[in-house]
Amino acid sequence: MVKRALLGGTFDPPHLAHLVAGEAAYRALGVDVITFLPAGAPWQKADDGVTAAHHRWEMTRQAVAGVDYFEADGREVDRDGWTYTIDTVRSFPDDDETALILGSDAAAGIPSWQEADELLERVSVAVAERPGTDRNAVERAIGPVDWLDMPLLPVSGTQLRAHAAAGGSIRFMVRESVWDYIVANRLYGQDFAR
């Protein structure tokens, strides 16, 4: 049996708030591993112009490299069709003890997810507070959760992509290896000389 916490997301790009949430969950939950799962085809972002899955997968691999208790898992990227969290949870061994790490905005939206009731029976939920969503809204939506003790980091992939598209640098908001990958592949309009 493995005690794991799943941290899924678009990871477009994977940024420091994702890593801080993973660290906080590792310390608070007593799990063996934090599994970062970039979404293949995230159904809730179907019209958002998501960066190609192979780029998001490679950036996620780079983001977690060198941290013994972090792993990148490509099962959602490799899956055909829409990516649903319940399918991902079902793909792990039944005897794993599984937690789901979410931002408070995502956690409050779980009732709209595919087979939400079964999902909440299978996992515990650990929540990182995010600006604009209060704790009461989350607990009204899904019941008691584990709140992660971490600094409030008002950073999002949407914000970083917009800043980059306007010509700004997002270096230091992502790990250096992720930044190198973004620049080398000219993602988000980042075309900076090294």
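A nonpolar core is a set of buried Ala, Val, Leu, Ile, Met, Phe, Trp, Tyr and Cys residues joined through side-chain atoms within 4.5 Å. Buried means under 20% relative accessible area, exposed over 50%, and partly exposed in between (1.4 Å probe, protein chains only).

This is a predicted model: local features need pLDDT of at least 70, side-chain atom pairs count only at pLDDT 80 or more, and totals for chains, interfaces and linings use all residues. Residues are numbered from 1 along each chain as its sequence is written, and side-chain values use heavy atoms, with hydrogens and water left out.

**Exercise 1. Describe the largest nonpolar core and find which helix gives the most to it.**

Step 1. The largest nonpolar core has 35 residues. Those with the most contacts inside it are I34, F36, I101, L148 and I182.

Step 2. Map the core onto helices (H or I, at least four residues) and strands (E, at least two), which are DSSP runs numbered from the N terminus. Elements that each supply at least two residues include strand 1 (3–9), strand 2 (33–38), helix 8 (157–165) and helix 9.

Step 3. Helix 1 gives the most, with six residues.

Step 4. Another core, of 20 residues, lies apart from this one. L37, V89, A116 and V127 are among its residues.

**Exercise 2. Work out how Y26, Y69 and F70 pair.**

Step 1. Set the criteria. Rings of Phe, Tyr and Trp (its six-membered ring) pair if their centres lie within 6.5 Å; planes under 30 degrees apart count as stacked, over 60 as edge-to-face and the rest as tilted. The structure holds four aromatic pairs.

Step 2. Y26 and Y69 are stacked, at 3.7 Å centre to centre and 10 degrees between the planes. Y26 lies in helix 1 and Y69 in the loop between helix 2 and strand 3 (70–72), so the pair ties together parts 43 residues apart in sequence.

Step 3. Y69 and F70 are edge-to-face: 5.3 Å centre to centre, 85 degrees between the planes.

Step 4. Check accessibility. Y26 is partly exposed, at 22%. Y69 counts as buried, at 18%. F70 is buried too.

Step 5. Y26, Y69 and F70 belong to one aromatic cluster with F11 and F36.

**Exercise 3. Place Q190 and list its contacts.**

Step 1. Q190 lies in the segment after helix 9 (176–184).

Step 2. Q190 has 0% relative accessibility, so it counts as buried.

Step 3. Contact means heavy atoms within 4.5 Å. Leaving aside neighbours within four places in sequence, Q190 touches A164, G168, S169, I170, W179, I182 and V183.
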